[in-house]
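Work through the exercises below with the sequence and the model side by side. Try each task before reading its solution.

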Amino acid sequence: MSVPSDRVVFVDDEEEVRRANGQSLDLAGFSVETHGDAESALRAVLADPPGVVVTDVRLPGLDGLGLFSALQEADPELPVILITGHGDITMAVRAMRAGAYDFLAKPYPAETLVASVRRALERRKLVIENRSLRSRLDAAVAEDPAFLGVSPAITRLRQFVREVAEADVDVMVLGETGSGKEVVASALHRWSRRAKGNFVAMNCGALPDTVVESELFGHEAGAFTGALKKRVGRIAHADGGTLFLDEIESMALTIQVKLLRVLQERVVEPLGTNAVQPVDMRVVAATKIDLGQAAAQGTFRDDLYYRLNVVSVTIPPLRERREDVALLFEHFLRKAAARFNREPPPVTPSIREHLSRHDWPGNVRELGHFAERCALGLTPAGPAQAEPAKAATLAEQMDRHERGLIRDELIMAGGDVRVAAEALGTPRKTLYDKIARHGLDPNDYR
């Protein structure tokens with residue numbers, strides 16, 4: 001739910017107090033709604049949540065603490081500021097430990113109230129933005145874990161794939177092992193006009209050359225020894241949809257020649273017949289090597305390379321989007337725990353250290369396997385222990401921690417340095433200096 005950033009509900013049973021404080025908040029630029037009792041305020045807040053609630057502790061009927069408890073049940077992250085008399089301060093401190101945002105002891109100057117409300121509203125704004133972000137990520141992760149993240153790199157990839165999907169052209173997907181090439185290919189299919197057709201995937205490196213030819217083009221009965229009945233090939237099966245060829249760099253040159261004809265003329269000729277069958281499909285080819293270099297070396301046909309490389313999509317490796325590692329790990333950990341019928345285990349400091357320091361050469365696939373081991377209680381293990389010790393200095397560790405905190409706040413604030421500085425309790429000038437020193441750009445998070 002979108003919450004107005006300047007809306008305040010003020011509760012006090014004394015009319016003069018309501019009028020004076022309401023006027024102070026109104027002059028400060030806030031939208032103020034006042035109530036003389038907790039019951040009416042509670043009904044109003046539940047019907048239309050504000051940005052912050054300010055309430056006196058001592059009220060007739062339901063008191064301020066009772067109102068605070070009821071609001072906490074409805075939304076634990078709604079900031080509530082308590083107004084107390086001198087004798088209620090101990091009680092207010094206990095309420096803050098229970099989740100109240102702040103308390104003001106009577107008498108208090110108007111500027112103190114305004115400052116507290118302003119801080120609470122800024123925090124509320126960040127909470128709402130974070131909820132919206134989490135909601136969007138949860139929707140995306142259900143289908144495309146490779147697209148999960150908030151880093152500029154994955155955001156650009158997600159947008160580019162959507163744009164390319166609308167254009168009915170063949171696509172080359174470039175990415176390291178485990179980076180999610182098939183997920184990208186599947187998204188290109190689902191987000192295109194061919195979504196109702198078949199998505200046909202084939203790993204060219206997983207089958208012998210003789211089998212690959214039959215799998216791709218199909219065959220008639222008796223076309224070769226063992227061909228007892230007709231087989232429809234992957235190309236014909238992809239008619240009206242998408243053909244995904246993974247590890248295409250491993251395809252034999254003789255088969256590349258036949259595939260080139262299919263791409264140029266959009267017809268397929270099954271083994272054992274001279275009849276040709278027209279096909280209407282999009283081809284998505286994936287590789288983990290530089291096919292241009294392979295073509296120059298003669299291990300891949302240059303004419304097929306140029307025919308396939310109409311549009312290329314490059315998946316960034318996980319080490320280039322470290323902002324997404326923790327979020328991806330959390331997703332995979334919950335998923336693995338559910339599959340193993342266990343509660344997700346706590347993320348220990350050693351796991352956090354591994355997440356932040358490891359380069360993830362296996363990318364998303366490796367991270368998913370690591371999360372599975374964590375869910376089974378088998379960590380730390382694997383690459384984390386195999387790596388040679390590289391003890392960072394205290395200064396290096398502090399720098400890394402500081403950069404992560406600033407990056408996270410910039411993400412939460414949507415790139416707004418003013419909001420991030422407020423959340424971090426740091427002067428804007430100081431924060432700008434630190435942003436520059438850590439090589440961050442606020443525009444990347446807008």
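Helices (H or I, at least four residues) and strands (E, at least two) are DSSP runs, numbered from the N terminus. This is a predicted model, where local features need pLDDT of at least 70, side-chain atom pairs count only at pLDDT 80 or more, and totals for chains, interfaces and linings use all residues. Residues are numbered from 1 along each chain as its sequence is written, and side-chain values use heavy atoms, with hydrogens and water left out.

**Exercise 1.** Find the peptide bond from K106 to P107 and place P107.

Solution. Start with the bond: K106 to P107 is cis, with omega near -10 degrees. Next, locate P107: the loop between β5 (102-105) and α5 (110-141) holds this residue.

**Exercise 2.** Describe the open sheet of five strands.

Solution. Begin with the order, which reads β2-β1-β3-β4-β5, with parallel pairing. Two strands pair if DSSP finds at least two bridges between them. Then take the edges: β2 (31-35) and β5 each pair on one side only. Neighbouring strands of this sheet are turned by 20 degrees against each other on average, direction ignored. Angles run from 0 to 180 degrees between N-to-C directions, and axes are lines fitted to C-alpha atoms, for helices over the stretch in contact. Now zoom in: β1 (residues 7-11) pairs with β3 in the parallel sense over four bridges. V9 has V53 in β3 as its bridge partner. Finally, add a helix: α4 (residues 89-97) packs on the sheet and touches β4 and β5. The direction of α4 makes about 165 degrees with that of β5.

**Exercise 3.** Is D56 buried or exposed, and what is D56 in contact with?

Solution. First, place D56: strand β3 (residues 52-56) contains this residue. D56 counts as buried because its relative accessibility is 3%. Buried means under 20% relative accessible area, exposed over 50%, partly exposed in between (1.4 Å probe, protein chains only). Contact means heavy atoms within 4.5 Å. Leaving aside neighbours within four places in sequence, D56 is in contact with V11, D12, D13, G64, I83 and K106.

**Exercise 4.** Compare the settings of E247 and N363, each with positive phi.

Solution. Take E247: phi is near 50 degrees. E247 sits in the loop between β8 (242-246) and α10 (253-265). At 26% relative accessibility, E247 is partly exposed. Turn to N363: phi is near 60 degrees. N363 belongs to helix α15 (residues 363-375). At 1% relative accessibility, N363 is buried.
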